[in-house]
Amino acid sequence: MTKLFSLVYLLLSCLLPSHALAQGDASTLVEKQYGNVTYVSGGIGDEERDEIRLRERDFNLKLLFSERDGSYLGSVDVVVLNPKGETVLEANSAGPFLLARLPSGSYVIKVSMNGQQQQKKLSISDKRRYEGVFRW
């Protein structure tokens, strides 16, 4: 029986990428960088949504994109501007959630999808996370 188990394991290890066996609990969402701002986006499927919930405490900005009926949206263009009008973050959200780590300060968030743009003003502080919801 042990030989059979070893043979099956060996066969599977040849068929599956080595990182799939070694990293069963690895993060699926990759942090990205825009200037000095770190961000992550996603939330498609239960696994990614669970990961967003676990990781959101490490970021001070959380954005959610949805339709008016509550259905999640992805592929939303996001631009964050500082008071001087300079872009501090420009990204396309891969899913309904975007998390970012911004320096403390005031910002304008502009989001667009299918030619429809929305914007909100916000203040980021070290003590609390800003959560914004954009609905189309």
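**Figure 1. Strands β4, β7 and β8 in the predicted model.**
Strand β4 (residues 76–81) pairs with strand β7 (residues 105–113) through five bridges, and the two strands are antiparallel. The model shown in this and the following views is predicted. Across this pairing, Val79 sits opposite Lys110 of β7. Strand β7 is also joined to strand β8 (residues 116–124), by nine bridges, and this pair is antiparallel as well. Here Val111 has Gln118 of β8 opposite it. A hairpin is formed by β7 and β8, with two residues between the strands. Asn114 lies in that turn and has a positive phi of about 50°.

**Figure 2. The salt bridge between Arg55 and Glu31.**
Eight salt bridges are present in the structure. In one of them the side chains of Arg55 and Glu31 meet, with an N to O distance of 3.1 Å. Which parts of the chain does this pair tie together? Arg55 belongs to helix α3 (residues 45–55) and Glu31 to the loop between α2 (18–22) and β1 (32–34), so the salt bridge links parts that are 24 residues apart in sequence. The two partners can also be described by their cover. Arg55 has a relative accessible area of 13% and is buried, whereas Glu31, at 39%, is partly exposed.

**Figure 3. The salt bridge between Arg49 and Asp46, and a network of charged residues.**
The side chains of Arg49 and Asp46 form a salt bridge with an N to O distance of 2.7 Å. Both residues are in helix α3, and because they are three residues apart there, about one helical turn separates them. Arg49 has a relative accessibility of 18% and counts as buried. Asp46 is exposed, and its relative accessible area is 54%. Elsewhere, Glu31, Glu51, Arg55 and Arg101 are joined into one network by salt bridges that share partners.

**Figure 4. The salt bridge between Lys62 and Glu56.**
Side chains of opposite charge can pair when their charged atoms come close. In this view the side chains of Lys62 and Glu56 meet in a salt bridge, at 2.7 Å from N to O. Are these two residues buried or exposed? Lys62 and Glu56 are both buried.

**Figure 5. Strand β3 and its two neighbours.**
Strand β3 (residues 61–66) is mostly covered, with six of its six residues buried. In a regular strand the side chains alternate between the two faces of the sheet. In β3 both faces are covered. Leu61, Leu63 and Phe65 are buried on one side, and Lys62, Leu64 and Ser66 are buried on the other. Strand β6 (residues 97–101) pairs with β3 over four bridges in the antiparallel sense, and Phe97 of β6 is the bridge partner of Leu64. Strand β9 (residues 130–135) is joined to β3 by six bridges, and these two strands run parallel. The bridge partner of Ser66 in β9 is Arg135.

**Figure 6. The largest nonpolar core.**
The largest nonpolar core has 24 residues. Which of them touch the most other members? They are Leu61, Phe65, Val78, Leu98 and Ile109. At least two residues of this core come from each of β2 (37–42), β3, β4, β5 (87–93), β6, β7, β8 and β9. The largest share, four residues, is supplied by β7.

**Figure 7. The surroundings of Phe65, and another core.**
Leaving aside residues up to four places away in sequence, Phe65 touches several residues, among them Tyr72, Leu73, Val76 and Val78. Its contacts also include Leu98, Val111, Phe134 and Trp136. Apart from the largest core lies another core, of seven residues, including Leu29, Val40, Phe59 and Leu64.

**Figure 8. The whole chain, for orientation.**
The protein chain has three helices and nine strands. Along the sequence, these elements follow the pattern α-α-β-β-α-β-β-β-β-β-β-β. The chain has 136 residues, of which 36% count as buried. Among contacts with a separation of 6 or more, 55% are between residues 24 or more positions apart. The chain exposes about 8700 Å², and carbon and sulfur atoms supply 52% of that area.

Definitions and conventions
Residues numbered from 1 in each chain as written. Predicted model: local features only at pLDDT ≥ 70, side-chain atom pairs only at ≥ 80, totals over all residues. Heavy atoms only, no water. Pairing = 2+ DSSP bridges. Salt bridge = Lys/Arg side-chain N within 4 Å of Asp/Glu carboxyl O. Buried < 20%, exposed > 50% of the residue type's maximum accessible area, 1.4 Å probe, protein only. Core = buried A, V, L, I, M, F, W, Y, C linked by side-chain atoms within 4.5 Å. Contact = heavy atoms within 4.5 Å. Areas by Shrake-Rupley, 256 points an atom, 1.4 Å probe, with all protein chains shown as cover.
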